[in-house]
Amino acid sequence: MKRTRTFAATGLAAGLLAAAVSMSAFAAQTTADSAQDIALKDAGVKEKDLAFVKTEVDYDDGRQIYEVSFLTEDHIEYDYDISAENGSILKIEYDAETKFYQGNRSGKAITLSQAKEKALDHAGVEEDEAAFTKERTERDDGRQIHEVEFITDGGDKYDYEYDAETGYLLKWEFDADETDRENAAAKDGKISLADAKAAALKKAGLKDSQVTWGKVKADYDDGRLQYEGKFFYNELEYEFEVDASTGKVTDWDVESIYD
């Protein structure tokens, strides 16, 4: 069951920006203007603080969406995908590591464990509701970066990158669970989403209770409906595609989550 979650966005000059993300549906059909308003309100950004904003119409598997992109005066980039049907936020990308970023050194160093805590707090997700699929520290252009990725019990996915020396939030992404759309699309096939997951588990020789599921969705490839998704077991990531007409696994890949 989806909840309303509160997010905090970090600004280069302004500090923390309070923002609320609502996953609930809006009653009326969303317009381009209202989609822009939804994105700005969620990010906690006012129009007067924008350097650039653009809203475009696009289609994803036959579903109309609005792509709202904007840049703040302090050089933070935001990209939103908003459902035209109900105004729900489908995807968010936040990037403070633009070409203007020179390194904010005002914060304190954080550990990888603290980065995980900050990410959960930012997403408004309890630790027992999340399955971490990535938690590592890497060097990028001479800096140490903490990378954290997790999936909630409801299927929402979050990715975070923090500057290890300052605790500064460099990037984050949110992908909403698409179970409802996937189940609707599955009506065109002969097997259900649950059948596709069972086929993938059978190929792996695993049981549902042993794995942590990532996103599994219905999609079309050259006009053919298929299911594609991933699950995790013992530090391994399994990716698969299943033909919706035959139930056969048509693509399969297994690799370490630390690769």
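**Exercise 1.** Determine how strand 13 and strand 14 pair, and place the two strands in their sheet.

*Solution.* Step 1: strand 13 (residues 236-243) and strand 14 are antiparallel and share seven bridges. Strands are DSSP runs of E with at least two residues, helices are runs of H or I with at least four, and both are numbered from the N terminus. Two strands count as paired if DSSP finds at least two bridges between them.
Step 2: within this pair, F240 stands opposite W252 of strand 14.
Step 3: the open sheet has four strands in the order 11-12-13-14, with antiparallel pairing. Its edge strands, strand 11 (212-221) and strand 14 (249-256), each pair on one side only. From one strand to the next, the twist averages 15°; axes are lines fitted to C-alpha atoms, for helices over the stretch in contact, and angles run from 0 to 180 degrees between N-to-C directions.
Step 4: helix 4 (residues 193-204) lies across strand 11, strand 12 (224-233), strand 13 and strand 14, at about 55° to strand 14.

The model is predicted: local features need pLDDT of at least 70, side-chain atom pairs count only at pLDDT 80 or more, and totals for chains, interfaces and linings use all residues. Residues are numbered from 1 along each chain as its sequence is written, and side-chain values use heavy atoms, with hydrogens and water left out.

**Exercise 2.** Give the strand order of the eight-stranded sheet and find its edges.

*Solution.* Step 1: this open sheet has the order 3-4-5-6-10-9-8-7, with antiparallel pairing.
Step 2: strand 3 (50-60) and strand 7 (130-140) each have a single partner strand, so one side of each lacks a neighbour in the sheet.
Step 3: strand 9 and strand 10 run antiparallel and are joined by six bridges. Y160 stands opposite W172 in strand 10.
Step 4: helix 1 packs on the sheet, touching strand 3, strand 4, strand 5 and strand 6 (contact: heavy atoms within 4.5 Å), and its direction makes about 50° with that of strand 4. Helix 2 lies across strand 7, strand 8, strand 9 and strand 10, at about 45° to strand 8.

**Exercise 3.** Identify the residues of the largest nonpolar core that touch the most other members.

*Solution.* Step 1: a nonpolar core is a set of buried Ala, Val, Leu, Ile, Met, Phe, Trp, Tyr and Cys residues joined through side-chain atoms within 4.5 Å; buried means under 20% relative accessible area (1.4 Å probe, protein chains only).
Step 2: among the 38 residues of this core, F70, Y78, Y80, I82, F150 and Y160 touch the most other members.
Step 3: helix 1 supplies the largest share of this core, five residues.

Key:
Buried < 20%, exposed > 50% of the residue type's maximum accessible area, 1.4 Å probe, protein only.
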